[in-house]
Amino acid sequence: MNGRKGLRLAVLVSGGGTNLQAIIDHCEQETSGATVAVVISSRRDAYALERARRHGIAAEVRRRRDYPSEEAYSAALLECISRFQADLVVLAGFMSVLGQPVIAAYRHRIMNIHPALLPSFGGPGMYGEHVHQAVLDYGAKVSGCTVMFVDEGVDTGPVILQAAVPVQEDDTAASLAARVLVQEHRLYPEAISLYAQGRLAVEGRRVRILPEERGKSDD
Ligand code: GRF
């Protein structure tokens with residue numbers, strides 16, 4: 001992957017979109033090298049859509065229930081992603097399962113964020129407060145978040161970045177979620193920035209972070 005200018009993102013959402021907001025804020029900095037080309041929501045009432053509109057970003061709704069099959073839904077998502085010429089697909093609280101055709105078409109070009117340190121507390125059913133409750137129920141002392149590339153499994157793709165968040169004695173699922181979310185908002189833009197600089201090299205399960213090229217000319 002070479003360094004690239006003006007990386008175009010398609011951000012897929014279903015909910016409040018606080019990660020989307022962190023990504024938008026990052027992209028609005030001149031040095032980010034990335035721009036949100038389109039926000040695609042699997043729900044009509046996602047507040048993330050409002051965030052997109054406020055920033056003048058194209059916002060589209062693609063609901064699984066409006067399509068007769070998984071294949072038709074994948075085709076609709078692919079059409080939208082390619083129409084906006086997205087280079088990187090960013091899942092930010094997207095609650096629909098991404099179909100195989102989308103994953104295959106954008107291999108190592110789809111990122112997701114999970115609110116725990118994978119491979120712990122991930123996989124089917126591990127979303128939202130379930131994740132943080134499972135961490136507390138297990139008695140884990142450290143949680144955190146993981147940015148990964150998406151593969152065919154649930155939360156199984158190559159890990160890009162992780163951040164640790166200590167569990168506190170008096171934590172509830174909500175208080176732990178809130179502290180993890182702060183780290184998510186820092187980590188996701190960082191991963192996108194590394195990708196935009198061409199500094200992520202996937203070697204099997206490992207994602208190597210290449211050193212910054214200093215003094216590199218763009219011409
Ligand atoms: C985040 O906790 C993220 O880790 C998970 O879904 C949640 C989305 O939150 N994948 P928001 O919509 O970005 O606020």
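Student: Which residues in H1 meet which residues in H6?

Tutor: Please bear in mind that the model is predicted. On the H1 side, the participants are Thr18, Asn19, Ala22, Ile23 and His26. On the H6 side, they are Leu181, Glu184, His185, Tyr188, Pro189, Ile192 and Ser193. Sorted by class, this contact has six nonpolar, five polar and one charged residues.

Student: How should the arrangement of two such helices be described, and at what angle do the axes of H1 and H6 cross?

Tutor: The general idea is that two packed helices are described by the angle between their axes and the distance between the axes. Helix H1 covers residues 18-27, and its axis comes within 9 Å of that of H6, with a crossing at roughly 45°. H1 and H6 are therefore oblique to each other. The crossing in which H1 passes H6 is right-handed.

Student: What is the corresponding description for H5 and H6?

Tutor: The axes of H5, residues 129-138, and H6 come within 9 Å and cross at roughly 110°. H5 and H6 are therefore roughly perpendicular to each other. H5 also makes a right-handed crossing as it passes H6. In H5, the residues Glu129, His132, Gln133, Val135 and Leu136 meet Ala173, Ala174, Leu176, Ala177 and Val180 of H6. The class count for this contact is seven nonpolar, two polar and one charged residues.

Student: Let us return to H1. Is that helix largely enclosed or largely open, and how many of its residues are buried?

Tutor: Burial is judged by relative accessible area, and a residue under 20% counts as buried. Eight of the ten residues of H1 are buried, so this helix is largely enclosed by the rest of the structure. The buried residues are Asn19, Leu20, Gln21, Ala22, Ile23, Ile24, His26 and Cys27. They pack against strand E1 (7-13), E2, helix H2 (47-54), E4, E5 and H6.

Student: Which residues touch the most other members of the largest nonpolar core?

Tutor: The general idea is that, in soluble globular proteins, nonpolar side chains tend to be buried together. Here the largest nonpolar core has 44 residues, and those touching the most other members are Leu9, Val36, Met111, Ile160, Tyr188 and Ile192. Helix H6, residues 173-196, gives the most to this core, with nine residues. A second, separate core has 20 residues, among them Tyr73, Cys80, Val102 and Tyr106.

Student: With which residues is Ile160 in contact, leaving aside its neighbours within four places in sequence?

Tutor: Ile160 is in contact with Met111, Val147, Met148, Phe149, Ala191, Leu200, Val207 and Ile209.

Student: Where does Gln162 lie, and what does it touch beyond its sequence neighbours?

Tutor: Gln162 lies in strand E7, residues 159-166. With a relative accessibility of 39%, Gln162 counts as partly exposed. Not counting residues up to four places away in sequence, Gln162 touches Leu117, Leu118, Cys145, Thr146 and Leu187. Its C-alpha atom is separated by 14 Å from that of Gly122, which is 40 residues away along the chain.

Student: How might Thr35 be read in the same manner, and in which strand does Thr35 lie?

Tutor: Thr35 belongs to strand E2, residues 34-41. At 35% relative accessibility, Thr35 counts as partly exposed. Outside the residues up to four places away in sequence, Thr35 touches Leu7, Arg8, Leu9 and Cys27. Thr35 and Pro115 are 80 residues apart in sequence, and their C-alpha atoms are 24 Å apart in space.

Student: Finally, what is to be noted in the backbone, and which peptide bond is cis?

Tutor: In general, most residues other than glycine have a negative phi, and most peptide bonds are trans. In this model the peptide bond from Leu118 to Pro119 is cis, with omega near 10°. Pro119 is placed in the loop between strand E5 (110-114) and H5.

Student: Where are Gln85 and Asp155 found, and is each buried or exposed?

Tutor: Gln85 is in the loop between helix H3 (70-83) and strand E4 (88-91). Its phi is near 50°, a positive value in a residue other than glycine. At 56% relative accessibility, Gln85 counts as exposed. Asp155 lies in the loop between strand E6 (142-149) and E7. The phi of Asp155 is also positive, near 65°. With a relative accessible area of 17%, Asp155 is buried.

Conventions:
Residues numbered from 1 in each chain as written. Predicted model: local features only at pLDDT ≥ 70, side-chain atom pairs only at ≥ 80, totals over all residues. Heavy atoms only, no water. Core = buried A, V, L, I, M, F, W, Y, C linked by side-chain atoms within 4.5 Å. Buried < 20%, exposed > 50% of the residue type's maximum accessible area, 1.4 Å probe, protein only. Helix = DSSP H or I, 4+ residues; strand = E, 2+ residues; numbered from the N terminus. Contact = heavy atoms within 4.5 Å. Axes fitted to C-alpha atoms, helices over the stretch in contact; angles between N-to-C directions. Parallel < 35°, antiparallel > 145°, perpendicular 65-115°, else oblique. Left-handed = near helix turned anticlockwise from the far one by under 90°. Nonpolar A, V, L, I, M, F, W, Y, C, P; charged D, E, K, R; others polar.
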